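This report covers the internal spaces of a protein chain, a helix that borders them, and two residues with unusual backbone angles.

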Amino acid sequence: IIALSRTCGSGGREIGRELAKRLGIDFLDRELLDSIAEEKGVNPEKLRPFEEKARNLLISRTVRSIHGKHTNSPEEIVSQQQFDYILKKAQAGDSFVLIGRCGTQVLKDYPELVKVFVTGDSEHRIKRVMELFHMLRPEARNLIRKKDRQRKAYHNAYCSKKWGDPSAYDIMFSSSRLGVPGSVDLIMNYLDLRMAEEAKSPEEQKEDLERRET
């Protein structure tokens, strides 16, 4: 299970999609909400405005239950539905690459979880957003700031460790010089090394540690 967080313009979504393709496992991103909407029998477009957003206490409305009591906000309800869906897949033993959605926290009890954070140089991210969305530089820069602010607020609302905190991830790197293929190679190499390390006996791991210390 790979939980991939990313800054806007870093190519994290494309890296995650290509990684899932190479590994032959599921890719969970925007399609995740479509699956939930199908299960609930609702239009996914009604849920999308509340996806990956922290509740805004100033403008967010609450949902009133049939008993007249206030329940969670739409943002919190959609988030919990996604968390439940992700956990269900993990509990079923499925392998997948998950983009965002607080995967580092939701799946923290799974030892097979690999936590990745992808970022990039500011200039590279701006140019990438300009090309992808046919924007002028000021528009691209503003979009990056807005998206990163939104992702940070969402993550920090539900996770014990802050968004972008190095201690919250197994790998944290810039995709600017590697591109999508090189970034996928980097993660694949890490997976190979980690699997090889975990396959060693406790005695072999102890010997490796002693060898490194000397």
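In this predicted model, 24 residues line the largest pocket, and Arg6, Arg13, Arg30, Lys147 and Arg151 are those nearest its centre. The pocket holds about 570 Å³ of space. Helix 1 (12-23), helix 6 and helix 7 each supply at least two residues of its lining.

There is also 1 cavity of 30 Å³ or more, with a volume of about 80 Å³. Its lining consists of Ser5, Arg6, Glu52, Gly100, Arg101, Cys102, Gly103, Arg151, Tyr154, His155 and Trp163. Strand 1 (2-6) and helix 7 (137-158) each give at least two residues to this lining, and helix 7 gives the most, with 3 residues. Arg6 and Arg151 appear in the cavity lining and also among the residues nearest the centre of the largest pocket.

The two linings are listed by residue class below.

| Space | Nonpolar | Polar | Charged |
|---|---|---|---|
| Largest pocket lining | 5 nonpolar residues | 6 polar residues | 13 charged residues |
| Largest cavity lining | 3 nonpolar residues | 4 polar residues | 4 charged residues |

Helix 7 contributes to both linings. Helix 7 has 22 residues and spans 32 Å from its first C-alpha to its last, close to the 32 Å expected at 1.5 Å a residue. Which residues of helix 7 are buried? They are Ala140, Leu143, Ile144, Asp148, Arg151, Tyr154 and His155. These residues lie on the same side of helix 7 because they cover an arc of only 135 degrees around the axis. An α-helix has 3.6 residues a turn, so residues three or four places apart point the same way. On the other side of helix 7, Lys146 and Arg149 are exposed. The cover over the buried residues of helix 7 includes strand 1, helix 4 (74-91), helix 5 (103-106) and helix 6 (122-133).

Two residues have a positive phi. Glutamate 52, which is not a glycine, has a phi of about 50 degrees, and is found in the loop between helix 3 (44-47) and helix 4. Glutamate 52 also belongs to the lining of the largest cavity. Histidine 134, likewise a residue other than glycine, has a phi near 55 degrees, and sits in the loop between helix 6 and helix 7.

Are these residues buried or exposed? Glutamate 52 has a relative accessible area of 12%, and is therefore buried, under the 20% cut-off. Histidine 134, with a relative accessible area of 72%, is exposed, since that state requires over 50%.

Note on methods
Residues numbered from 1 in each chain as written. Predicted model: local features only at pLDDT ≥ 70, side-chain atom pairs only at ≥ 80, totals over all residues. Heavy atoms only, no water. 1 Å grid on protein atoms, 1.4 Å probe; cavity = no way out; pocket = protein on both sides within 12 Å on 5 of 7 lines; lining within 4 Å. Points joined across faces, edges and corners; volume = space filled by probe spheres on them. Helix = DSSP H or I, 4+ residues; strand = E, 2+ residues; numbered from the N terminus. Nonpolar A, V, L, I, M, F, W, Y, C, P; charged D, E, K, R; others polar. Expected span 1.5 Å × (residues − 1). Buried < 20%, exposed > 50% of the residue type's maximum accessible area, 1.4 Å probe, protein only. Arc of directions from axis to C-beta. Contact = heavy atoms within 4.5 Å.
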